[in-house]
Amino acid sequence: MRGEKALSEEKALSGNTASGGKTASEEAVRGATGGNPGAIHQPVLLDDCVDLVVPALDHPGSVVVDCTLGLAGHAVAFLKAAPSSTLIGIDRDGEALGMATRRMEQEGLADRFVPVHAAFDDFSTVLSDRGIDKVDAVFMDLGLSSLQIDETERGFSYSHDAPLDMRMDPAQSLDARMVLATYSARDLERVFRAYGEERFSRQIAEAVVAMRVDEPLTMSTQLTRLVDRVVPRSHRPAGNPAKKVFQALRIEVNGELDKLAATLPQIALHLAVGGRLVVESYHSLEDRTVKSFMSHGLVVDAPADLPIIPDDARPFFRALTRGAMKADEAEIAHNPRSASVRLRGVELVRPLPKRWVARWEDSARSPGEDRKKRSLTRQDRPQAGNRSPHRETRRR
Ligand SMILES: C[S@@+](CC[C@H](N)C(=O)[O-])C[C@H]1O[C@@H](n2cnc3c(N)ncnc32)[C@H](O)[C@@H]1O
């Protein structure tokens with residue numbers, strides 16, 4: 001049977017959760033679910049993820065990194081299916097990490113499990129600190145765990161009044177209150193539009209800036225009421241009208257897209273040949289980031305009219321999924337959150353070409369610079385017809 005997360009993102013964020021949704025702390029969440037992490041958060045597309053990851057772990061001493069350990073639903077399944085592997089489990093949420101560690105102990109897997117409290121964009125450092133250069137598989141299940149959603153005081157849910165916090169790592173200083181209090185109307189509009197695809201981004205941003213002159217926006221109900229006032233009834237999506245604004249704030253507060261874009265090159269640099277990268281995304285921008293990263297290695301990187309393709313221009317990834325895999329109807333019916341999942345996987349089939357190593361090492365050293373360079377490249381790109389053939393790529 002396929003696995004699933006117990007909650008849809010929408011239901012979860014509305015606080016209508018399988019575990020009651022009224023919990024205020026890990027203890028309460030655990031109480032409501034009998035302390036069983038599997039009941040708090042069930043992994044999406046579990047069997048498919050195991051099928052994609054585990055073939056890379058068929059040799060003794062193999063190492064898999066779960067960059068988004070959460071409550072270890074996927075991680076436990078990987079270790080059970082790959083009995084000679086070790087799993088490094090990264091999570092920026094110390095509470096999730098603690099629960100996952102206890103789960104590994106209960107499952108008798110603790111001796112093959114290395115918990116790491118870090119953000120996944122520290123991927124290279126996490127490995128080098130442990131004297132590891134190459135790993136055999138890397139897995140990411142992006143977004144929030146149901147534990148985080150259930151803890152109403154962390155402010156991810158729009159249907160419970162709670163401080164506007166939204167930090168996945170409570171040690172981080174930027175929270176949703178600071179974004180709403182300090183960003184200009186233009187920046188708020190950009191956040192709501194880019195990360196929430198919210199049609200009324202400008203109007204909501206202007207309303208936030210007008211409101212904060214008299215009254216600081218600190219609680220989730222203030223924001224839901226504001227959105228409710230601004231978005232015309234005739235243009236409301238299904239569900240809570242504040243859903244997209246909450247999602248956008250969460251992505252901004254946690255720097256989710258930048259962190260993802262900065263992490264993928266680090267992962268590629270540390271994959272062994274035959275190693276696999278498998279990613280589950282729940283937002284179109286995340287999926288686009290993953291897809292475009294993977295596509296670098298899936299195409300022939302040479303001019304279309306070159307008679308012989310040089311070895312280092314051949315694809316270095318092999319696609320493990322045809323496009324993105326999605327949840328089937330049965331899983332979606334049981335677990336509405338899986339409706340938005342997009343699962344992609346690639347295998348590294350040859351050593352990374354030197355120019356990709358150089359480019360990705362460069363971007364790992366200064367991710368901001370690389371982004372600036374990329375946008376400059378886009379602006380400076382010659383017009384079609386005027387383009388250097390060396391910039392062309394062609395599909396296999
Ligand atoms: C959807 S949950 C993973 C659930 C897990 N696959 C399971 O089956 O229990 C995502 C987890 O990734 C963590 N996370 C999100 N962004 C992160 C980042 N940049 N660095 C490290 N952990 C992150 C969250 O704290 C959360 O616990």
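This section describes a predicted model of a single chain, moving from overall makeup and confidence to the ligand shell, the nonpolar cores and a few individual residues.

The chain holds 18 helices and nine strands. Of its 396 residues, 47% are buried. Contacts that span a long stretch of sequence are prominent in the count: among contacts with a separation of 6 or more, 73% join residues 24 or more positions apart.

Confidence is a sensible thing to look at before any detail. The mean pLDDT of the chain is 83, and 81% of the residues reach 70 or more. Both ends of the chain fall under 50, over residues 1-26 and over residues 369-396. For residues 1-26 the model has 92 contacts beyond four places in sequence, while for residues 369-396 it has 18 such contacts. Where pLDDT is low, predicted coordinates should not be read in detail, and a reader planning to work with the terminal segments may wish to keep in mind that pLDDT stays under 50 there.

Attention can now turn to the ligand. The shell around it comprises 21 residues, of which Pro43, Thr68, Gly70, Gly73 and Asp141 come nearest. Helix H5 and strand S2 (86-91) are the elements that give two or more residues to this shell. Sorted by class, the shell has nine nonpolar, seven polar and five charged residues.

The UniProt record, an unreviewed entry, places the feature "binding site" at Ala72, Gly73, His74, Asp91, Phe120, Asp141 and Gln148. Gly73 and Asp141 thus appear both in this annotation and among the residues that come nearest to the ligand. Two other annotated positions can be described in more detail. Ala72 sits in the loop that runs between strand S1 (63-66) and helix H5 (73-81). With 30 other C-beta atoms within 10 Å, Ala72 counts as buried. Gln148 belongs to helix H8, which covers residues 146-150, and Gln148 is also buried, having 22 other C-beta atoms within 10 Å. Beyond four places in sequence, Gln148 touches Asp93, Arg154, Phe156 and Met168.

The nonpolar interior comes next. In soluble globular proteins, nonpolar side chains tend to be buried together. In this model the largest nonpolar core has 67 residues, and the members with the most contacts inside it are Val53, Val64, Phe78, Ala100, Val138 and Phe139. Helix H14 (residues 256-269) gives the most to this core, contributing six residues. Val138 offers a closer view of the packing: leaving out residues up to four places away in sequence, Val138 touches Val65, Cys67, Ile267, Leu271 and Leu277. A second core, separate from the one just described, has 27 residues and includes Leu144, Val191, Val208 and Val253.

Two residues draw the eye for their backbone geometry. Most residues other than glycine have a negative phi. Leu45, although not a glycine, has a positive phi of about 50°. Leu45 lies in the loop between helix H3 (37-40) and helix H4 (46-53), and is classed as buried because 26 other C-beta atoms lie within 10 Å. Met166 is likewise not a glycine and has a positive phi, here of about 70°. The loop that carries Met166 connects H8 with helix H9 (176-182). Met166 is buried as well, with 25 other C-beta atoms within 10 Å.

Finally, two partly exposed residues round out the picture. Leu269 is part of helix H14 and is partly exposed, with 19 other C-beta atoms within 10 Å; the cut-off for buried is 20 or more. Leaving aside neighbours within four places in sequence, Leu269 is in contact with Val357, Trp360, Glu361 and Ala364. The C-alpha atoms of Leu269 and Pro351 are separated by 9.4 Å, although these residues are 82 apart along the chain. Ala339 is located in the loop between helix H16 (329-334) and strand S8 (342-348). Ala339 is also partly exposed, with 17 other C-beta atoms within 10 Å. Its C-alpha atom is separated by 8.2 Å from that of Asp328, eleven residues away along the chain.

Notes:
Residues are numbered from 1 along each chain as its sequence is written. This is a predicted model: local features need pLDDT of at least 70, side-chain atom pairs count only at pLDDT 80 or more; totals for chains, interfaces and linings use all residues. UniProt positions are given in the numbering used here, feature names are shortened, and annotations may be inferred rather than shown by experiment. Helices (H or I, at least four residues) and strands (E, at least two) are DSSP runs, numbered from the N terminus. A residue is buried if 20 or more other C-beta atoms lie within 10 Å of its own, exposed if 12 or fewer, and partly exposed in between; C-beta atoms are placed from the backbone. Two residues are in contact if their C-beta atoms, placed from the backbone, lie within 7 Å. A residue is near a molecule or strand if its C-beta atom, placed from the backbone, lies within 6 Å of it. Ala, Val, Leu, Ile, Met, Phe, Trp, Tyr, Cys and Pro count as nonpolar, Asp, Glu, Lys and Arg as charged, and the others, Gly among them, as polar. A nonpolar core is a set of buried Ala, Val, Leu, Ile, Met, Phe, Trp, Tyr and Cys residues joined through C-beta atoms within 7 Å. pLDDT is the predictor's confidence in each residue, from 0 to 100.
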